[in-house]
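Grab a pencil and work through these exercises with the model open beside you. Try each task yourself before you read its solution.

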Amino acid sequence: MKQEIRFDYVWTAMSNSDGTVFDYPIGKAKVWVKICGITSYEDGQLAIEYGADALGFVFYPQSPRYLPLSQASNLLSRLNILKVAVLVNPSLEEVEILKKELPIDLWQLHGEESLALGHRLPRGKIIKALRPPFEQKIKEWADCTFAFLLDSPSEKWGGSGKPFDWGKASLLRQHYSYPFILAGGLNPDNIQRALREVEPFGVDVSSGVEKYPGKKDKKKLLDFIEKCKKPTHPVS
């Protein structure tokens, strides 16, 4: 039986830490777009101007896109958009520091975090990243998440930069009505096919729109976001 979507969580998650409510569409004509791995104001502002719906900031020291707390406060405060903290197995102390110091709107948990930690974050403000088999964690985290992020398997924490079998994501979306965010190897060349095959609530991209880790490519970024916002058609 298909589970019903929790739209109360979705709409709550669309307001940021200062109370601003961001408009976003649900439907096949447009998709919620998160640009991840932002490390500079220039890249963040460019993504906003091109039509991104959220920006992701990585607070995982092992990532090449790691953003130190000393730089994060000034950067996040200057960007008027939904801001997502991307974490991998953080300690409760680390989470509390980020909550206190930064204007974070959504929390993306990309590791093997416990539900106890999830319950210390604002209910309905969590994006829980999943790797195959996806179903294992969905029911466990359903009551406190804004959305589930479907990513490729990888030997390291974080994204692999490679696509997975989108058929699995499509079947999952047909069975559950939770908001699913598609990630893993997306780029301007494959994004429209991914949208047609999966019809996700949103997409998450980092390396697919970069010149090199931590630096976005202006042309790829614009191309990707424009293709996300165009109407899609069923796969023939």
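**Exercise 1. How many bridges join strand 3 to strand 4, and do the two run parallel or antiparallel?**

Step 1: Strand 3 (residues 82-87) and strand 4 are joined by 4 bridges, and they run parallel. Two strands pair if DSSP finds at least two bridges between them. Helices (H or I, at least four residues) and strands (E, at least two) are DSSP runs, numbered from the N terminus.

Step 2: Look for a facing residue. Opposite Val 84 you'll find Leu 106 in strand 4.

Step 3: Follow the chain between these strands. From strand 3 the chain passes through helix 4 (residues 92-101) to strand 4, a right-handed β-α-β crossover. Right-handed here means that, with the strands pointing away from the viewer, the path from the first strand over the helix to the second runs clockwise.

A word on the source: this is a predicted model, where local features need pLDDT of at least 70 and side-chain atom pairs count only at pLDDT 80 or more, while totals for chains, interfaces and linings use all residues. Residues are numbered from 1 along each chain as its sequence is written, and side-chain values use heavy atoms, with hydrogens and water left out.

**Exercise 2. Which residues of strand 4 point one way, and which the other way?**

Step 1: Recall the general pattern. In a regular strand, side chains alternate between the two faces of the sheet.

Step 2: Apply that to strand 4 (residues 106-109). Leu 106 and Gln 108 point one way, Trp 107 and Leu 109 the other way, and all are buried. Buried means under 20% relative accessible area, exposed over 50%, and partly exposed in between (1.4 Å probe, protein chains only).

Step 3: Move on to the next partner. Strand 4 pairs with strand 5 (residues 126-130) in the parallel sense over 3 bridges, and Leu 109 has Lys 128 as its bridge partner there.

**Exercise 3. Trace the pairing from strand 5 through strand 6 to strand 7.**

Step 1: Strand 5 and strand 6 pair in the parallel sense, with 5 bridges. Lys 128 has Phe 148 as its bridge partner in strand 6.

Step 2: The route from strand 5 to strand 6 goes through helix 6, and this β-α-β crossover is right-handed too.

Step 3: Strand 6 also pairs with strand 7 in the parallel sense, over 3 bridges. Here Phe 148 stands opposite Phe 180.

Step 4: Check burial. In strand 6, 6 of the 6 residues are buried, so this strand is largely enclosed by the rest of the structure.

**Exercise 4. Which residues of helix 2 are buried, and why do they line one face?**

Step 1: List them. In helix 2 (residues 41-50), the buried residues are Asp 43, Gly 44, Leu 46, Ala 47 and Tyr 50.

Step 2: Look down the axis. The buried residues fall within an arc of 160°, so they line one face of helix 2. The arc is that of the directions from the helix axis to the C-beta atoms.

Step 3: Turn to the other side of helix 2, where Glu 42 and Glu 49 are exposed.

Step 4: Find the cover. The buried residues of helix 2 are covered by parts including strand 1 (32-35), strand 2 (54-58), strand 10 (215-216) and helix 9 (218-228).

Step 5: Just past the end of helix 2, Gly 51 has a positive phi of about 115°.

**Exercise 5. How many aromatic pairs does a search of the whole structure find?**

Step 1: The search turns up 6 aromatic pairs. Rings of Phe, Tyr and Trp (its six-membered ring) pair if their centres lie within 6.5 Å; planes under 30 degrees apart count as stacked, over 60 as edge-to-face and the rest as tilted.

Step 2: Take Trp 32 and Phe 146. Their pair is edge-to-face, 5.6 Å centre to centre with 70° between the planes. Trp 32 is in strand 1 and Phe 146 in strand 6 (residues 145-150), 114 residues apart.

Step 3: Now compare Tyr 176 and Tyr 178. Their ring centres are 5.9 Å apart and their planes at 20°, so this pair is stacked. Both of these tyrosines are buried.

Step 4: Zoom out. Phe 148, Tyr 176, Tyr 178 and Phe 180 are linked into a cluster by ring pairs.

Key:
Contact = heavy atoms within 4.5 Å.
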